[in-house]
Amino acid sequence: MVESAAQHPNLRTIMTTITFLLPGKTFPQHATKEPAWVRRTLIGLALVFLTLFLFIPLVSVFYEAFKKGAEVYVAAITDPDAVSAIKLTLLVAVIAVPLNLVFGIAAAWAIAKFEFRGKNLLITMIDLPFSVSPVVSGLIYVLVFGLQGWLGPWLAEHDIKIIFAVPGIVLATMFVTVPFIARELIPLMQAQGTEEEEAAVVLGASGWQTFYHVTLPNIKWGLLYGAILCNARAMGEFGAVSVVSGHIRGSTNTLPLHVEILYNEYNFAAAFAVASLLALLALVTLALKTLIEFRNQQHQKQRGIE
């Protein structure tokens, strides 16, 4: 009796069971509630932490960016090297995010809907970028595709450039961003089960029809959430891209690398101006993330009502 109560997920049911087993023993209604001073202290500590490590640095970025006036700010972000960095950053994101989108959906579908050999290995490989330093991942690509790497001589012979070129930056970015979409979809699709897909197949739907009309509507908010996080990481990635890019100004520098170069040259106004673009991207990402979470909650409530 005690064992089944301990395994029950409902705390009220557990307390009721214990009360039944221990007659005459009363439990206060506020037994699971913290005192008011504890809640206020925790909230205060959270606000202090956010103020010191989030709000103040964020405000300082925009303050330093506009410190010397709007003309200096506009000149910094319209500089040819800055424009090249912006274009390259957008290009890498446009390539990496859709490819990770396809991989994330395929991997989540396979893991959540099917049982096969190597399933745990696939999950481990998806999580690998979380445990490997981005700098190490970039170094791996250099060892494989670099001039002195395993494939370097063959690539040089055929005039194919991977390292210190756009393909290497795309590969490094894809590696560090590959878990975001898959990891967002796997628990969602596992929780949904396979009943709806099986019903669609029994009714004669093809695989594509099942995915488009049954699976996709159920995962669309999680998919958008993962894509937004993946895009933000792709645009803000520094470590892996720094190793494979070669820091060629106006050619292989993304926005984070361009900020580093400007700062190292003591061009602080321009560095903060370009950094403000990345900060603005973070704010937009946060806003979209909040909106999608709200829409997802509304969607779940509607499904619960139906």
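F164 is partly exposed, with a relative accessible area of 46%. The residue sits in the loop between α8 (152–157) and α9. Its phi is positive, near 60°, and F164 is not a glycine. Most residues other than glycine have a negative phi. Values here come from a predicted model.

Y266 also carries a positive phi without being a glycine, at about 65°. Y266 belongs to the loop between α13 (255–264) and α14 (268–305). The relative accessibility of Y266 is 66%, so Y266 counts as exposed, the cut-off being over 50%. Y266 follows α13. That helix is largely enclosed by the rest of the structure, because seven of its 10 residues are buried. The buried set in α13 consists of L255, P256, L257, H258, V259, I261 and L262.

The overall fold is helical. The protein chain contains 14 helices and zero strands. Read along the sequence, the pattern is therefore α-α-α-α-α-α-α-α-α-α-α-α-α-α. The chain has 306 residues, of which 34% count as buried. Among contacts with a separation of 6 or more, 69% join residues 24 or more positions apart.

The largest nonpolar core holds 18 residues. Within this core, I126, I181, L185 and M189 touch the most other members. Three elements each give two or more residues to the core: α5 (80–113), α9 (166–192) and α11 (207–236). In soluble globular proteins, nonpolar side chains tend to be buried together.

I126 has contacts well beyond its sequence neighbours. With neighbours within four places left aside, I126 is in contact with F103, A107 and I111. The same count adds V178, P179, A182 and I186. I126 is also one of the α6 residues that meet α9.

Three helix pairs involving α9 were examined. Two packed helices are described by the angle between their axes and the distance between the axes.

The first pair is α6 with α9. Helix α6 spans residues 119–131 and packs on α9 at about 130°, with the axes 7 Å apart. At that angle α6 is therefore oblique to α9. The crossing of α6 past α9 is left-handed. From α6, the contact draws on I123, I126, D127, P129 and F130. From α9, the partners are F175, V176, V178, P179, F180, A182, R183 and I186. By class, this contact has 11 nonpolar, no polar and two charged residues.

The next pair is α5 with α9. Their axes come within 6 Å and cross at roughly 35°. Here α5 passes α9 in a right-handed crossing. The contact of α5 with α9 comprises 24 nonpolar, five polar and one charged residue.

The remaining pair is α9 with α11. Their axes come within 9 Å, and the crossing angle is roughly 155°. The two helices are therefore roughly antiparallel to each other, since angles over 145 degrees fall in that class. The crossing of α9 and α11 is right-handed. On the α9 side, the contact is made by T173, V176, T177, F180, I181, E184, L185, L188, M189 and Q192. On the α11 side, the residues are T215, N218, I219, G222, L223, Y225, G226, A227, L229, C230, R233 and A234. The contact of α9 with α11 divides into 13 nonpolar, seven polar and two charged residues. I181, L185 and M189 take part in this contact, and they are also listed among the core members that touch the most others.

A further contact set centres on A240. This residue lies in helix α12 (residues 239–245). A240 has 0% relative accessibility and so counts as buried. A240 and V135 are 105 residues apart in sequence, yet their C-alpha atoms are 4.7 Å apart in space. Beyond neighbours within four places in sequence, A240 is in contact with P134, V135, S137, G138, A172 and V176. V176 recurs in the contact of α6 with α9 and in that of α9 with α11.

Conventions: Residues are numbered from 1 along each chain as its sequence is written. This is a predicted model: local features need pLDDT of at least 70, side-chain atom pairs count only at pLDDT 80 or more; totals for chains, interfaces and linings use all residues. Side-chain values use heavy atoms; hydrogens and water are left out. A nonpolar core is a set of buried Ala, Val, Leu, Ile, Met, Phe, Trp, Tyr and Cys residues joined through side-chain atoms within 4.5 Å. Buried means under 20% relative accessible area, exposed over 50%, partly exposed in between (1.4 Å probe, protein chains only). Helices (H or I, at least four residues) and strands (E, at least two) are DSSP runs, numbered from the N terminus. Contact means heavy atoms within 4.5 Å. Axes are lines fitted to C-alpha atoms, for helices over the stretch in contact, and angles run from 0 to 180 degrees between N-to-C directions. Angles under 35 degrees count as roughly parallel, over 145 as roughly antiparallel, 65 to 115 as roughly perpendicular and the rest as oblique. A crossing is left-handed if the near helix is turned anticlockwise from the far one by less than a right angle, and right-handed if clockwise. Ala, Val, Leu, Ile, Met, Phe, Trp, Tyr, Cys and Pro count as nonpolar, Asp, Glu, Lys and Arg as charged, and the others, Gly among them, as polar.
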